[in-house]
Amino acid sequence: MQYLLMIYDDEKVLGSKTPEDRAKVSAEYLKYTQEIKASGHFLGGDALQGSHTATTVRVRDGKQTTTDGPFAETREVLGGYYLVEAANLDEAIKLAARIPSSRWGSIEVRPIWAIPEMGPKS
Amino acid sequence: MGLDRGPSDLGHSRDGPQELVQAVAAIEAVFRAERARVLATTIRVTNGDFDLAEEVVQDSFAAALDRWPVEGTPDEPRAWLTSVARNKAIDAIRRRVKLRAIVDAEKIISAESSVDAGEAAVQDDRLRLIYTCCHPALAREAQVALTLRTLGGLTTDEIARAFLASPTTMAQRIVRAKSKIRDARIPYEVPEASELPERTDAAMAVIYLVFNEGYAATAGDSWTRRDLSREAIRLGRLLVELTPANRAIHAEAEGLLALMLLHDSRRDARSDDRGDVILLEDQERSRWDAAQIAEALPLVPLALTGSGSGPGPYALQAAIAALHAQAPRSVDTDWPQIATLFTELLRRAPTSIVALNRAVAFAMWRGPDVGLAMIDELAEQLHDFHLFHAARADLLRRLGRIDDAASAYRAALTLVGNEPERRFLQRRLDSLAS
């Protein structure tokens with residue numbers, strides 16, 4: 001079963017870190033990514049540009065509106081994600097708990113809804 | 001959805017000849033006794049699909065009603081019910097696969113795998129059911145509702161009445177929990193050893209919460225509430241029965257069971273005919289349930305020493321309750337030992353409520369002035385809690401500081417929510433004047 005691990009961070013916290021600390025976090029992320037690639041859990045993943053680059057799109061009654069900013073104005077914003085293969089929720093939770101940002105941000109774990117008509121993912 | 005059909009409302013006529021009525025009653029009794037076990041195994045067969053499992057288990061009972069009166073009751077009724085439920089589950093999964101043209105091979109494989117209805121396998125299935133219902137990915141109130149629904153066999157309406165929620169809210173809560181188990185794939189497994197302590201704590205917290213809901217609160221249908229406490233004790237027994245493999249967990253489960261039995265033994269003595277509170281020290285001890293105390297007391301030393309790593313919070317609370325139960329009169333209570341146990345409990349479970357109880361025990365042991373000083377240190381954390389002010393008021397009264405006691409009782413009265421407790425505090429306040 002596939003799970004999306006969504007990484008919510010407070011951008012201010014990361015922004016206030018010293019360059020050395022940021023380099024340390026990057027190294028941790030690199031190590032984690034390599035580990036879950038080696039263990040066969042990794043299917044995909046990326047970091048996202050800051051929430052100031054976000055645009056939200058809605059279509060209502062055929063009319064499109066675009067607004068600046070992320071969908072929800074909260075302190076913690078979506079900063080990146082991993083798509084992983086895990087046997088069940090417990091395994092997915094374990095993978096999520098190893099993501100560096102779980103120590104200062106939050107990781108939302110969501111199972112992928114496999115819709116056959118959409119075809120294989122890769 | 002038919003989730004709440006009891007065994008007796010399946011539409012079978014109940015006014016047949018006498019023998020048939022008796023046969024139906026006998027089958028219903030078997031079903032009541034075996035339903036949770038059959039369900040626990042069937043949920044494994046359906047790969048964690050609670051709805052499907054409940055449906056086919058209900059169908060297996062309907063099949064028993066049709067066939068047992070004619071063919072005779074099978075030698076192993078549970079195995080019979082389990083295997084009928086399993087076959088119906090496999091049929092249902094095959095139909096779904098065909099209907100959706102999805103080959104969900106994994107589901108079929110699990111359904112085709114043999115069903116071991118032997119005692120050990122069923123015990124494992126019941127443990128799986130406990131841990132799945134109390135999975136930390138479910139909200140606490142959902143854990144409670146699902147546990148009562150599947151392990152306790154209470155109807156959704158009964159659970160709703162007990163928790164003063166509307167049946168619709170409760171039904172939605174249960175439906176949501178079951179969908180999360182299925183769709184997020186919460187595993188139907190006993191957690192691995194490294195997670196077992198934490199996951200068992202969660203299960204015990206659910207059981208104790210059910211117990212307290214039945215014991216402490218005075219609102220709601222009193223019959224249903226009493227039922228909740230009984231149900232919690234039954235689940236506590238189940239946990240003791242199922243957890244012998246891990247010493248520490250088994251000991252703590254014994255502690256929880258003993259604690260519930262001891263609290264519950266005082267049920268009839270703790271309020272008067274009008275529902276007014278009677279304090280422990282004023283209770284008529286002959287009205288305590290001696291049989292229940294006798295069952296609990298031997299568990300306490302096992303719970304205290306069995307873990308190998310020091311007693312857990314439930315064992316310590318059980319030990320405190322046991323000392324109360326063993327005192328023939330209130331004045332005989334072993335306060336020094338109770339105070340010491342509270343000190344240990346505070347170390348294991350550092351909450352301000354435990355600290356408050358510890359202070360009261362020290363007041364009984366070393367005098368009200370000592371207890372009052374300890375209570376006053378908790379003012380910051382507990383000033384919104386009526387029992388903090390009530391405990392202070394009592395100690396101030398015993399120290400002869402009547403005006404201070406009165407204002408503490410008044411502070412408690414502005415915070416108390418529960419009517420019998422409010423009347424109790426008011427009586428205490430009134431008695432200060434005389």
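Begin by selecting chain A, which in this predicted model holds three helices and six strands. If you follow the ribbon along the sequence, these elements come in the pattern β-α-α-β-β-β-β-α-β. The C-alpha trace of chain A spans about 45 × 45 × 20 Å along its principal axes, and 15% of its 122 residues count as buried. Among contacts in chain A with a separation of 6 or more, residues 24 or more positions apart account for 77%.

**The open sheet of chain A**

Next, colour strands S2, S5, S1 and S6 of chain A, which form an open sheet in the order S2-S5-S1-S6 with antiparallel pairing. The edges are strand S2 (42–47) and strand S6 (106–111) of chain A, each of which pairs on one side only. Looking from one strand to the next, you should find a twist that averages 20 degrees.

Within this sheet, zoom in on strand S1 (residues 2–10) of chain A, which runs antiparallel to S6(A) and is joined to S6(A) by six bridges. To find a place on this pairing, select Leu4(A), which stands opposite Arg110(A) in S6(A).

Then add helix H3 (residues 89–97) of chain A, which lies across S1, strand S5 (76–85) and S6 of chain A. The direction of H3(A) is at about 155 degrees to that of S6(A).

**The hairpin of S3 and S4**

Now select strand S3 (residues 55–60) of chain A together with S4(A); the two pair in the antiparallel sense over six bridges. One pair to show as sticks is Thr55(A) and its bridge partner in S4(A), Asp68(A). This hairpin has two residues between its strands, and there Asp61(A) takes a positive phi near 50 degrees. How many buried residues are there among the six residues of strand S4 (residues 63–68) of chain A? The count is zero, and S4(A) is hardly covered.

**Where the chains touch**

Bring chain B into view beside chain A, and select the contact between them, which takes six residues from chain A and seven residues from chain B. On the side of chain A that touches chain B, four residues are nonpolar, one is polar and one is charged.

**Chain B: H1 against H5**

With chain B selected alone, you will find 21 helices and zero strands. Buried residues make up 41% of the 434 residues in chain B. Of the contacts in chain B between residues at least 6 apart in sequence, 62% join residues at least 24 apart.

Start with helix H1 (residues 18–45) of chain B and helix H5 (residues 119–133) of chain B, whose axes come within 8 Å and cross at roughly 80 degrees. H1(B) and H5(B) are therefore roughly perpendicular to each other. To see where they meet, show the side chains of Arg37(B), Ala40(B), Thr41(B), Ile43(B) and Arg44(B) from H1(B), and those of Val122(B), Asp125(B), Arg126(B), Arg128(B) and Leu129(B) from H5(B). By class, this contact has four nonpolar, one polar and five charged residues.

**Chain B: H9 and Arg199**

Move on to H9(B), whose 20 residues should span 28 Å at 1.5 Å a residue, in agreement with the 28 Å between its end C-alpha atoms. Its buried residues include Thr200(B), Ala203(B), Met204(B), Ile207(B), Phe211(B) and Tyr215(B).

Also in helix H9 (residues 196–215) of chain B is Arg199(B). Is Arg199(B) buried or partly exposed? With 19 C-beta neighbours inside 10 Å, Arg199(B) counts as partly exposed, because a residue is buried if 20 or more other C-beta atoms lie within that distance. Leaving aside residues up to four places away in sequence, Arg199(B) touches Tyr131(B) and Pro191(B). If you draw a distance from Arg199(B) to Arg287(B), 88 residues apart along the chain, their C-alpha atoms are separated by 37 Å.

**Chain B: the enclosed helix H14**

Finish at helix H14 (residues 313–326) of chain B, where 14 residues should span 20 Å at 1.5 Å a residue, and the end C-alpha atoms are indeed 20 Å apart. Of these 14 residues of H14(B), 12 are buried, so the helix is largely enclosed by the rest of the structure. Among the buried ones are Pro313(B), Tyr314(B), Leu316(B), Gln317(B), Ile320(B) and His324(B). To see what covers the buried residues of H14(B), display its surroundings, including H9, helix H11 (247–265), helix H12 (290–296), helix H13 (299–305) and helix H15 (335–348) of chain B.

Methods
Residues are numbered from 1 along each chain as its sequence is written. Chains are lettered from A and ligands numbered from 1 in the order in which they are written. This is a predicted model: local features need pLDDT of at least 70, side-chain atom pairs count only at pLDDT 80 or more; totals for chains, interfaces and linings use all residues. Two residues are in contact if their C-beta atoms, placed from the backbone, lie within 7 Å. Ala, Val, Leu, Ile, Met, Phe, Trp, Tyr, Cys and Pro count as nonpolar, Asp, Glu, Lys and Arg as charged, and the others, Gly among them, as polar. Two strands pair if DSSP finds at least two bridges between them. Helices (H or I, at least four residues) and strands (E, at least two) are DSSP runs, numbered from the N terminus. Axes are lines fitted to C-alpha atoms, for helices over the stretch in contact, and angles run from 0 to 180 degrees between N-to-C directions. Angles under 35 degrees count as roughly parallel, over 145 as roughly antiparallel, 65 to 115 as roughly perpendicular and the rest as oblique. The expected span of a helix is 1.5 Å times one less than its number of residues.
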